[in-house]
Amino acid sequence: MSRRPSHDTEPALVTTSEALAALCERLRGESFVTVDTEFMRERTYWPELCVIQLGGERETAVVDALAPDLDLAPLGALLADPDVVKVFHAARQDVEIFLLKFDAVPTPLFDTQVAAMVAGFGDQVSYDQLCRSLADAQIDKAHRFSDWAARPLSASQIAYAAADVTHLRRIYVALRERLEREGRMDWVAEEMAVLNRPETYRTDPESAWERLRPRTSNRRFLGMLQAIAAWREREAQRINIPRQRLVKDETLLELAATGPESAADLARARGISEGFAKGRSGAGLLAAIKAAKGLPDSALPEAPKDRHGPPPSPALVALLKVLLAAKSEEHHVAPKLLANSEDLDRLATEANPDLPALQGWRREVFGEAALALKGGRLALGVEGRRVKLIPAG
């Protein structure tokens with residue numbers, strides 16, 4: 001039986017390098033440490049780290065990341081320690097921050113949101129829900145939208161921040177015991193493998209255009225969109241402002257269609273000011289447009305694969321959705337973790353698509369049955385109040 005975290009003292013506010021080094025040294029003696037961050041990103045491209053919360057078995061600390069001359073190197077060593085599991089909830093944004101700070105993903109990593117999906121708590125279960133279900137606690141939401149860059153931190157801010165890692169200890173222990181009992185830790189490990197890859201958090205400027213989901217297969221248009229979307233990503237990083245504040249998505253699509261050649265032409269686009277068009281950013285954007293116009297056909301991106309072929313049968317997709325819901329219910333696992341709507345569309349149209357749903361534990365739980373249903377080897381019926389799977393001849 002795993003030891004449950006004991007009650008600890010009041011959270012400490014850490015503002016000096018010496019105190020942080022001592023804290024991290026103590027935490028490196030733990031089997032796991034709970035981690036959270038508070039940051040600001042509304043006006044910047046890169047997140048501004050303001051507070052780091054750390055929870056051991058007996059102590060909780062709130063680290064003031066904006067304290068003058070604070071050396072975060074001991075924290076980097078703790079996050080890299082292979083003998084201490086780093087426990088997060090909805091880890092992606094926190095891990096992105098640490099990857100930027102230390103050029104490494106915290107390891108080993110455990111995300112309670114992902115683990116809860118494997119344990120049957122539904123899609124993208126919130127921290128509040130897990131606190132109520134597994135820690136018998138209620139979260140005070142008073143500082144959810146607090147200005148974490150303002151100093152000094154108030155006592156209520158410190159208490160709020162500390163609660164995020166205090167309750168997380170009990171959640172982690174409860175989830176781990178449940179998953180070990182059900183033999184699903186290997187399932188969680190597969191999900192953590194994605195979170196452990198640095199490329200999960202790094203945006204490739206050359207693929208930024210794909211997020212705009214252009215509704216065309218015109219490769220010349222797509223080449224232009226790829227070039228200016230890549231320029232926007234790099235320029236937003238350079239001047240550290242959100243990409244949408246630099247140039248909005250709809251403006252990029254307009255520029256890809258019109259291909260302006262001068263500052264005057266550029267200023268006519270929606271959301272582009274004359275000052276922007278005539279400045280350094282405007283010159284860079286025009287240069288990207290000019291370069292894209294000179295690309296040979298062989299250098300243009302291919303249209304997304306899902307643009308080709310007939311649309312999926314709505315009836316077959318509906319059957320796959322029913323099967324997905326039935327398998328999710330049977331195995332007590334979140335449907336979204338097994339397959340999403342795009343996966344179901346591809347299952348309905350492609351013979352054997354390269355999908356997570358057809359690999360590893362997902363194939364055992366859902367993928368094989370989906371292929372059998374599509375191949376006429378499985379039928380769906382109703383028994384009582386549940387969907388029943390019926391092998392077909």
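So, let's start at one bridge: Thr-37 has Ile-52, in strand 3, as its bridge partner. Bear in mind, everyone, that this is a predicted model. That bridge sits in a longer pairing, where strand 2, residues 32–40, runs antiparallel to strand 3, residues 48–55, with seven bridges between them.

Now let's zoom out to the sheet. How many strands does the open sheet have, and in what order? There are six, arranged 1-4-3-2-5-6, and the pairing is mixed. At the edges you'll find strand 1, residues 12–14, and strand 6, residues 109–111. Each of these has a single partner strand, so one side of each is left without a neighbour in the sheet. From one strand to the next, the twist averages 25°.

What lies across these strands? Have a look at helix 3, residues 92–102: it lies across strand 2, strand 3, strand 5 (85–88) and strand 6. Relative to strand 2, helix 3 runs at about 85°.

Last topic, the cysteines. If you search the whole structure for disulfides, you get zero. Why does Cys-24 have no bond to Cys-50, the closest cysteine by sulfur? The two sulfurs are 18 Å apart, and a disulfide needs them within 2.5 Å, so that is too far for a bond. Looking from the other end, Cys-50 also has its closest cysteine sulfur in Cys-24.

And are these two residues buried or exposed? Cys-24 is buried, at a relative accessible area of 1%. Cys-50 counts as buried too, with 0% relative accessibility. Thanks, folks, and I'm happy to go back to any of those strands on screen!

Notes. Residues are numbered from 1 along each chain as its sequence is written. This is a predicted model: local features need pLDDT of at least 70, side-chain atom pairs count only at pLDDT 80 or more; totals for chains, interfaces and linings use all residues. Side-chain values use heavy atoms; hydrogens and water are left out. Buried means under 20% relative accessible area, exposed over 50%, partly exposed in between (1.4 Å probe, protein chains only). Two strands pair if DSSP finds at least two bridges between them. Helices (H or I, at least four residues) and strands (E, at least two) are DSSP runs, numbered from the N terminus. Axes are lines fitted to C-alpha atoms, for helices over the stretch in contact, and angles run from 0 to 180 degrees between N-to-C directions. Contact means heavy atoms within 4.5 Å.
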